[in-house]
Amino acid sequence: MILTVTLNVALDVTYETPVVEWGGSNRVGAVRRRAGGKGVNVARVAAALGREVVATGLIGGDTGELIRADLDAAGLRHSFHGVRAESRRTVTVVEEHGAATVFNEGGPEVAAGEWAGFLAHFRSLLPATSVVVLSGSMPPGVPPDAYAVLAEASDMPVILDADGAALGLGVAGRPTLVKPNAEELARATGEPSPVEGALALRAQGAGAVLVSLGHEGMLAITPDGNWRAVPPGLETGNPTGAGDAAVAAVASGLADRASWPELLRHAVALSAAAVRAPVAGDFDGPAYARLLSEIVVHPL
Ligand SMILES: O=P(O)(O)OC[C@@]1(O)O[C@H](CO)[C@@H](O)[C@@H]1O
């Protein structure tokens, strides 16, 4: 089973509007609300790929109840650890020309005892787990090295998708793979070149590094070689959640012991297919199938 960890689960609200008038009054078209947070999106996509998945993390308050109800309605298995404070919301505004503006609330204040309770809960889920996914921001109160602690506790492949200190400190837990985008990688390492940045993260403890280059594809810098995958063209839609779809592909690939080039091909195809879906956590199935044959993977 793939275990996704979302420490900062969210009720994701997506607004569609022709164009945002900043400082003005905007009328919203379609409104979508669903359980989110990066790990929840990974769980949704992996489940849609036919994987056995459990979503865990921290959850609280009335928003937490809405999130649980939405996961139940989607038939997604979950086992969250309750906290007293209220889980957050996020708002994504998608404009007609394809720009997506994301507002992420900080999340609930987590008490030390609640974090200790989660650690015990996480450990209890590990015996049935084949791949662990650690994704997204951490709410206040969670120790900054939380991802390193969770990765160290896991005796199976671990994927880390985080930004800032969560990424910088998390690599010390020696995750099997980290998946930053080019900006996150540059911020974490101070290296403007994605290849140099990825090598720096490997030197700090990451087993392999998958760098997302937006519509220019992805790089895989691994112990067995380095590759680049290039998609056929630019997909337009909502890019929110595209990285999570890539992580779902990587989790599936690691579970199957797929080769790095194959894993990279699936990550790029699924990520591009996710851009074509209106909300994070979904992907366009026919586009995924088509893109798999169109993506070019070459060694660096
Ligand atoms: O605050 P985080 O955890 O970094 O990001 C949260 C978030 O914006 O990322 C997802 C898309 O990747 C959204 O579904 C989600 O709510």
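In the predicted model, the buried residues of helix 1 include an unbroken run, with G39, V40, N41, V42, A43, R44, V45 and A46 all in that class. Because eight of the 11 residues of helix 1 are buried, this helix is largely enclosed by the rest of the structure. Helix 1 is followed by G50, a residue whose phi is positive, near 95 degrees.

One of the buried residues of helix 1, N41, also belongs to the surroundings of the ligand, where D12, N41, R88, N104 and D244 come nearest among 14 residues. The side chain of N41 places an N or O atom 2.8 Å from an oxygen atom of the ligand. For N104, a polar side-chain atom is likewise found 2.8 Å from a ligand oxygen, and for D244 the corresponding distance between a polar side-chain atom and an oxygen atom of the ligand is 2.7 Å. The ligand taken alone exposes 400 Å², of which the protein buries 89%. Several elements contribute to the shell around the ligand, since at least two residues each are supplied by helix 1, by strand 6 (88-95) and by strand 7 (100-104). Sorted by class, this shell consists of eight polar, four charged and two nonpolar residues.

Helix 1 is also joined to another helix through a charged pair. The side chains of R44 and D70 form a salt bridge, with a distance of 2.9 Å from N to O. Since R44 lies in helix 1 (residues 38-48) and D70 in helix 2 (residues 61-74), this pair ties together parts of the chain that are 26 residues apart in sequence. The two partners differ in their surroundings: R44 is buried, with a relative accessible area of 9%, whereas D70, with a relative accessible area of 22%, is partly exposed.

A further salt bridge is formed by R77 and E52, whose closest N and O atoms are 3.2 Å apart. Here both partners lie in loops, R77 in the one between helix 2 and strand 5 (81-83) and E52 in the one between helix 1 and strand 4 (53-60), so that the contact ties together parts that are 25 residues apart in sequence. R77 has a relative accessible area of 47% and is therefore partly exposed. In total, 11 salt bridges are counted in the model.

A salt bridge within a single helix is provided by R290 and E294, whose side chains meet at 3.2 Å, N to O. Both residues belong to helix 10 (residues 285-294), and because they are four residues apart they are separated by about one helical turn. In an α-helix, which has 3.6 residues a turn, residues three or four places apart point the same way. Both partners are partly exposed, R290 at 33% relative accessibility and E294 with a relative accessible area of 34%.

Aromatic contacts were examined in the same model, and four aromatic pairs are counted. One of them, formed by W22 and F103, is tilted, with 6.2 Å from centre to centre and 50 degrees between the planes. This pair links distant parts of the chain, as W22 lies in the loop between strand 2 (10-17) and strand 3 (31-36), whereas F103 lies in strand 7, 81 residues apart. W22 is exposed, with a relative accessible area of 58%, while F103 is partly exposed at 40% relative accessibility. Another pair, F283 with Y288, is edge-to-face, the centres being 5.8 Å apart and the planes 80 degrees from each other. In this pair both residues count as buried, F283 at 19% relative accessibility, just under the 20% cut-off, and Y288 at 12%. In addition, W115, F118 and F122 form one aromatic cluster.

Finally, G168 is located in helix 5 (residues 164-170). At 31% relative accessibility, G168 counts as partly exposed. The C-alpha atoms of G168 and R51 are 29 Å apart in space, and the two residues are 117 residues apart in sequence.

Definitions and conventions:
Residues are numbered from 1 along each chain as its sequence is written. This is a predicted model: local features need pLDDT of at least 70, side-chain atom pairs count only at pLDDT 80 or more; totals for chains, interfaces and linings use all residues. Side-chain values use heavy atoms; hydrogens and water are left out. Buried means under 20% relative accessible area, exposed over 50%, partly exposed in between (1.4 Å probe, protein chains only). A salt bridge is a side-chain nitrogen of Lys or Arg within 4 Å of a carboxyl oxygen of Asp or Glu. A residue is near a molecule or strand if one of its heavy atoms lies within 4 Å of it. A polar contact is a pair of N or O atoms within 3.5 Å; within protein, one must be able to donate a hydrogen and the other to accept it, and residues adjacent in sequence count only if both atoms are side-chain atoms. Accessible areas come from the Shrake-Rupley method with a 1.4 Å probe; for residues, only the protein chains shown count as cover. Ala, Val, Leu, Ile, Met, Phe, Trp, Tyr, Cys and Pro count as nonpolar, Asp, Glu, Lys and Arg as charged, and the others, Gly among them, as polar. Rings of Phe, Tyr and Trp (its six-membered ring) pair if their centres lie within 6.5 Å; planes under 30 degrees apart count as stacked, over 60 as edge-to-face and the rest as tilted.
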